[in-house]
Amino acid sequence: MPAAPPFDPQAIADAKFEEREVRPGVTTKRTICQTCDIACSVVAEVEKGRVVKIRSSDNPIFRDNICMKGIMAPKGLADPTRILQPLKRVGKRGSGEWEKVSWDEAISDIGQRLKAIIAKHGPEAWAVSTSQWNTATDHGLGRRIMNHVGSPNWISGVALCAGNTAAVNRFTYGWFPMGDFANTKCIVLMGHNPRRHSWTPMYNFIRQAQARGAKLIVTDPRRSSSAERADIWLPLKAGSDAAMMLGWLKVILDEELYDKKFVENWTIGFDDLRKRVDEYPLERVAKLTGCDPEMIAKAARMYATEGPSIIPWTPITDMQRNSTSGIRLQSILRSVCGYVDVPGGERLEGFNPDIINESTIEMHHVLSDAQKAKQLGSDQHPAFTYRGQEAFREPTKRVYGQEYANLIMGCHMATPSATFRAMAGQGPYPVKAFFFLGNNPLMSYANMPLIIDAMMNQDLIVAHEHFMTPSAQLADYILPGDSWLERPWLMDSFGWMSSVRPSEKAMEPPGECKSTFEFWKLLAGALDKPELVPWDRLEDFYDYRLEKTGMTFDQLVKKTDIYFAPPKFRQYEQKGFATPSGKVELKSSILEELGFDPLPYFREDPPVDPEYPLKLFTGVREDGFFQTGHRHIPEMRKHHPEPLLFVSPGTATQYHLAEDEWVEVENEMGKISIKVAIKDAMPDDLIRIPHGWWKPEMKQGAGHLSGALKYADAQLCRDDADYLDREQGIPHLKGVPCRINKVEQSEQSVAPASAMEPAE
Ligand SMILES: Nc1nc2c(c(=O)[nH]1)N[C@H]1C(S)=C(S)[C@@H](COP(=O)(O)OP(=O)(O)OC[C@H]3O[C@@H](n4cnc5c(=O)[nH]c(N)nc54)[C@H](O)[C@@H]3O)O[C@H]1N2
Ligand SMILES: Nc1nc2c(c(=O)[nH]1)N[C@H]1C(S)=C(S)[C@@H](COP(=O)(O)OP(=O)(O)OC[C@H]3O[C@@H](n4cnc5c(=O)[nH]c(N)nc54)[C@H](O)[C@@H]3O)O[C@H]1N2
Ligand code: SF4
Ligand SMILES: [Mo]
């Protein structure tokens, strides 16, 4: 997920924002694109009150950080299908019958119904799901209201993307680090594949680092574009990342390539780690990963000796059966090699001391221990729930000055699967009200059939959205959200990094679209708690957050594109690490306390079921879309009219598959329709399913859901015990057994797969 530019203080100090000449009648606004979660600083050109163009920033540190999704955003947001007024369901749930209502009417009814549900079932019967910067102006207000009302049941897409990484990184050294791309000498991409139109700034940083001689190591089962540019590419088996890293550690420890001084002075648990790592000799790791042992050793040596190295955050290890071990192993590699909080390594930035951070706004201390204990999923899979993060309160106060650090919103979440089970009536207590904001929950978690049951079993569903998504189709109310072009924003990476960037509002929201800030303000009023959101306007709220800088939001916008605390390295020398021991915990005291293995391990796949001989991975991103969005934009659909199944030539031959043929992919949970594209970059027996397919032009409502029931990958994403990470309870999306079924070729496609396929 999110990133500010690589921290190069000199470049930032030298940076000057210069306006380019624009046509008469055209003004510019300095905005931050929130179409995806990397947040490029871009320029919006405004004519007659409407944004007519998005272009790259003139500030040299942000230049070239733009992709086709950002450029197309004004068009996509001006689409006639955008929801511009609150809609209330009038027929049965999912019937597709709506009436337009006013915000006042909607909020007053929502407030009353929510109060009634809370009175009957308790505050924990209210669950909320959000995601990343679609809800940008929330800034913790949602949690603040939930905490005062008494519900711990907040879930988010960040449970599968960076939020959970942040929570698990804390187990080792108390914070989530950010790589120093500007000075690093070696970058390791564990499956992560930034490219021209996917996480463009990351792509640019990596290219710049390579241009000045930094090494690149890529682990990816598929020959991705990053793999093609790498010094070393390890084509590992899907889902075997934790085993790979255990192999690297084995080499690094055996060959004494680690930073002995740092290990001795600043870590605990080294001897235990050593014993665990000895269980993974290279021959075993080669078997588990399917990679050549000598190449594994070569990569380990490169990481340890060519440094300072970085392992940038990757969603790939967020979505595996061994996710907690995988993320912990990344932290352990960084630590034993001495790359933590050093130039060219990975900085533990801490909060920006001048900004009132979102963790403070959230007010987690007001939620009682009794309500925290009810957080769904925390009994079985506590890692990122209140229970799992409780032990950080004291150390975080010691090092970072406050008890709660909800980094990337991921450190006090309920687990999504447990929440949907409770919503479907299979939990410890009923959950009967479900709100989702800037999130497409049906398609953005695992086990879509369960989520449908869960939604059909609700008394009240509220969506805050732009479009009639499959999830919104099942709501009681759809409230029209504003977009990033239509709101100011103070971007602080959810407190993870210390830099802060302002984004100007470029145009008025159309129709009756409102921000999440306004939504929470109105809801706080309807719940008789107006004092929780006392600011009239978003800008006032930002002025409050910026108070200590001596600047208002407007003054900040005029002064700079980026406000940061000067970088400090090796901050642990003053206050230690924010872990219970104050040291880097190679063996985690908190995981041990919670009853889990305190050392990283690798849990192998269940035995192969001959019914499902192939493995699939899902989660793949397509250049023209962000996640489940943007399929309504013709310019984007032209690039990807249909969901494509990538298979190797060998697998295609074995299963008699032809290019452009429609097939079904099926497993124990469900099946989807998809079109074959044969790729020699794919390994045999592994197939690739793109994430988030539905077609806005298809029939809406229950039983159809605009094609989501036909195409969505979440129908193949399992969440039973074998497919959940033990500590976090997040699903395994990388290497799920499946089979391909031949079907009658009735489906019409707009173009052959070869013509529509983008670069990746
Ligand atoms: N255009 C566009 N860009 C996007 C997004 C988008 O929707 N559209 N989404 C953004 C978001 S939220 C995210 S999280 C990122 C995700 O972006 P990336 O981190 O690049 O993730 P993916 O594209 O899902 O897959 C990256 C690579 O992981 C490989 N892979 C699959 N399984 C495994 C495995 O088990 N181990 C390893 N080591 N590799 C594996 C795949 O072959 C693929 O090449 O993209 C961001 N960028
Ligand atoms: N099965 C499965 N689940 C996954 C993943 C996967 O690969 N497979 N990927 C995971 C990852 S990496 C991520 S980042 C998450 C993403 O999860 P989500 O954030 O839910 O992903 P999107 O599909 O982008 O849904 C966002 C919705 O917000 C709406 N929206 C966009 N901007 C705004 C706005 O400004 N205001 C409002 N109110 N609404 C807005 C869009 O129309 C869209 O419907 O999903 C995670 N879940
Ligand atoms: S990479 Fe593209 S979509 Fe993402 S923030 Fe940048 S311009 Fe926007
Ligand atoms: Mo993501």
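**Exercise 1.** How many bridges join strand E2 to E3, and do the two run parallel or antiparallel?

*Solution.* The model considered here is a predicted one. Begin with strand E2, residues 41–47, which is joined to E3 by six bridges, the two running antiparallel. A particular position in this pairing is Glu-47, which stands opposite Arg-50 in E3. Next, place the pair in its sheet, an open one of three strands with the order E1-E2-E3 and antiparallel pairing. Strand E1 (26–32) and strand E3 (50–56) each have a single partner strand and stand at the edges, so one side of each remains without a neighbour in the sheet. Finally, when direction is ignored, neighbouring strands of this sheet are turned by 30° against each other on average.

**Exercise 2.** Determine the strand order of the open sheet with four strands, and state which strands form its edges.

*Solution.* The order is E11-E10-E9-E13, and the pairing is parallel. Strand E11 (232–234) and strand E13 (309–310) are the edge strands, since each pairs on one side only. Within the sheet, strand E9 (residues 186–190) and strand E10 (residues 215–219) run parallel and are joined by five bridges. Two of the partners can be named: Cys-186 has Lys-215 as its bridge partner in E10, while Ile-187 is partnered there by Leu-216.

**Exercise 3.** Is strand E9 enclosed or left open by the rest of the structure, and why?

*Solution.* Taking burial as a relative accessible area under 20%, one finds that five of the five residues of E9 are buried, so the strand is largely enclosed by the rest of the structure. The side chains can then be sorted by direction: Cys-186, Val-188 and Met-190 point one way from E9, whereas Ile-187 and Leu-189 point the other way, and all are buried. Helix H8 lies across E9, E10 and E11, and runs at about 145° to E9.

**Exercise 4.** Which residues of the largest nonpolar core touch the most other members, and which helix gives the core its largest share?

*Solution.* Among the 168 residues of the largest nonpolar core, Trp-126, Trp-248, Tyr-303, Phe-435 and Phe-519 touch the most other members. Helix H8 (residues 241–254) supplies the largest share of this core, namely ten residues. Apart from this core lies another, of 35 residues, which includes Ala-422, Ala-454, Leu-474 and Ala-475. Returning to Phe-519, and leaving aside its neighbours within four places in sequence, one finds contacts with Trp-103, Ile-107, Phe-435, Leu-437, Val-462, His-464 and Leu-479.

**Exercise 5.** Where is the place of Gly-410, and is the residue buried or exposed?

*Solution.* Gly-410 belongs to the loop between helix H17 (393–400) and helix H18 (416–423). With a relative accessible area of 0%, Gly-410 is buried. Leaving aside neighbours within four places in sequence, its contacts are Val-158, Gly-163, Ala-167 and Phe-384. The C-alpha atoms of Gly-410 and Thr-165 are separated by 7.9 Å, although the two residues are 245 residues apart along the chain.

**Exercise 6.** Describe the shell around ligand 3 by residue class.

*Solution.* List the members: the residues around ligand 3 are Cys-33, Thr-35, Cys-36, Ile-38, Ala-39, Cys-40, Ile-66, Cys-67, Lys-69, Gly-70 and Thr-200. Sorted by class, the shell around ligand 3 has seven nonpolar, three polar and one charged residues.

Terms used
Residues are numbered from 1 along each chain as its sequence is written. Chains are lettered from A and ligands numbered from 1 in the order in which they are written. This is a predicted model: local features need pLDDT of at least 70, side-chain atom pairs count only at pLDDT 80 or more; totals for chains, interfaces and linings use all residues. Side-chain values use heavy atoms; hydrogens and water are left out. A residue is near a molecule or strand if one of its heavy atoms lies within 4 Å of it. Ala, Val, Leu, Ile, Met, Phe, Trp, Tyr, Cys and Pro count as nonpolar, Asp, Glu, Lys and Arg as charged, and the others, Gly among them, as polar. A nonpolar core is a set of buried Ala, Val, Leu, Ile, Met, Phe, Trp, Tyr and Cys residues joined through side-chain atoms within 4.5 Å. Buried means under 20% relative accessible area, exposed over 50%, partly exposed in between (1.4 Å probe, protein chains only). Contact means heavy atoms within 4.5 Å. Two strands pair if DSSP finds at least two bridges between them. Axes are lines fitted to C-alpha atoms, for helices over the stretch in contact, and angles run from 0 to 180 degrees between N-to-C directions.
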